[in-house]
Amino acid sequence: MSYQYDLSDFKRYLNDKNPKYRVDGLIFWQNRIPLPIDLFNKIFNESNHIVTDYVYQLAASAVVFSNRELFESTFEVSVTDLPKGDLKKKHVALLNWLNEQLPERSEITRMAYEVADTLGLDSFTFSIEKVAEALQHQGKKYARIFMPESVKHNML
């Protein structure tokens, strides 16, 4: 079966691959878990932005955990407490630190491009500024972030 990358074919693809996914009226169902169709549609329509944010969160997590001692001594913040809004006060120092740790062809930069490519982000361009933003927002702590096994393997 041939599919186009659009919302209706994505729903059809999910249903063809797993009958536990279905649309019934204004509800998208995954098994017995309901999701309002408007929210499902919004997630699909914003998927490039969501996935791009995820790639930057992975890169941010990778750079701070790879340089844990240096990061913690420089910013007096435990990497397990990241991301942290308090880093906004140290934005310039954070950008300088990231520029030192993430040269153009660093392993983490290459990893970000590989993950972006794997996830279908054709026009991904790595940005130190976006990594800094990822480190500064209040959200899920990096100690709990999902990282695919293949990425973990390359990092360790």
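Two strands are taken as paired if DSSP finds at least two bridges between them; helices (H or I, at least four residues) and strands (E, at least two) are DSSP runs, numbered from the N terminus. The model is predicted: local features need pLDDT of at least 70, side-chain atom pairs count only at pLDDT 80 or more, and totals for chains, interfaces and linings use all residues. Residues are numbered from 1 along each chain as its sequence is written, and side-chain values use heavy atoms, with hydrogens and water left out.

**Stop 1: the strands**

Select residues 21–24 and 27–30. These are strands S1 and S2, which run antiparallel and are joined by four bridges. Two residues lie between the strands of this hairpin, where glycine 25 adopts a positive phi near 65°. Next, label valine 23, whose bridge partner in S2 is phenylalanine 28. Then add residues 33–36: this is strand S3, antiparallel to S2 and joined to S2 by four bridges. Phenylalanine 28 stands opposite leucine 35 of S3. The hairpin of S2 and S3 also has two residues between its strands, and asparagine 31 in the turn shows a positive phi of about 60°.

**Stop 2: the largest pocket**

Select Tyr5, Phe10, Ile43, Ser47 and Val51, which of the 14 lining residues lie nearest the centre of the largest pocket. Helix H1 (7–17), helix H2 (37–45) and helix H3 (47–66) are the elements that each give two or more residues to this lining. H3 gives the most, with five. A pocket here is an open set of points on a 1 Å grid over the protein atoms alone, where a 1.4 Å probe fits, with protein on both sides within 12 Å along at least five of seven lines; lining residues have an atom within 4 Å of a point. The volume is about 350 Å³, taken as the space filled by probe spheres set on the points, which are joined across faces, edges and corners.

**Stop 3: helix H5**

Select residues 91–101, helix H5, which contains glutamine 101. Buried means under 20% relative accessible area and exposed over 50%, with partly exposed in between (1.4 Å probe, protein chains only). Display Leu94, Leu95, Trp97, Leu98 and Gln101, the buried residues of H5. They cover an arc of only 165° around the axis, which puts them on the same side of H5; the arc is that of the directions from the helix axis to the C-beta atoms. On the other side of H5, Val92 and Glu100 are exposed.

Now add H3, helix H4 (68–75) and helix H7 (128–136), against which the buried residues of H5 pack. Finish on glutamine 101, with a relative accessible area of 18%. Not counting residues up to four places away in sequence, glutamine 101 touches Val63, Asn67, Leu70 and Ser106, contact meaning heavy atoms within 4.5 Å.
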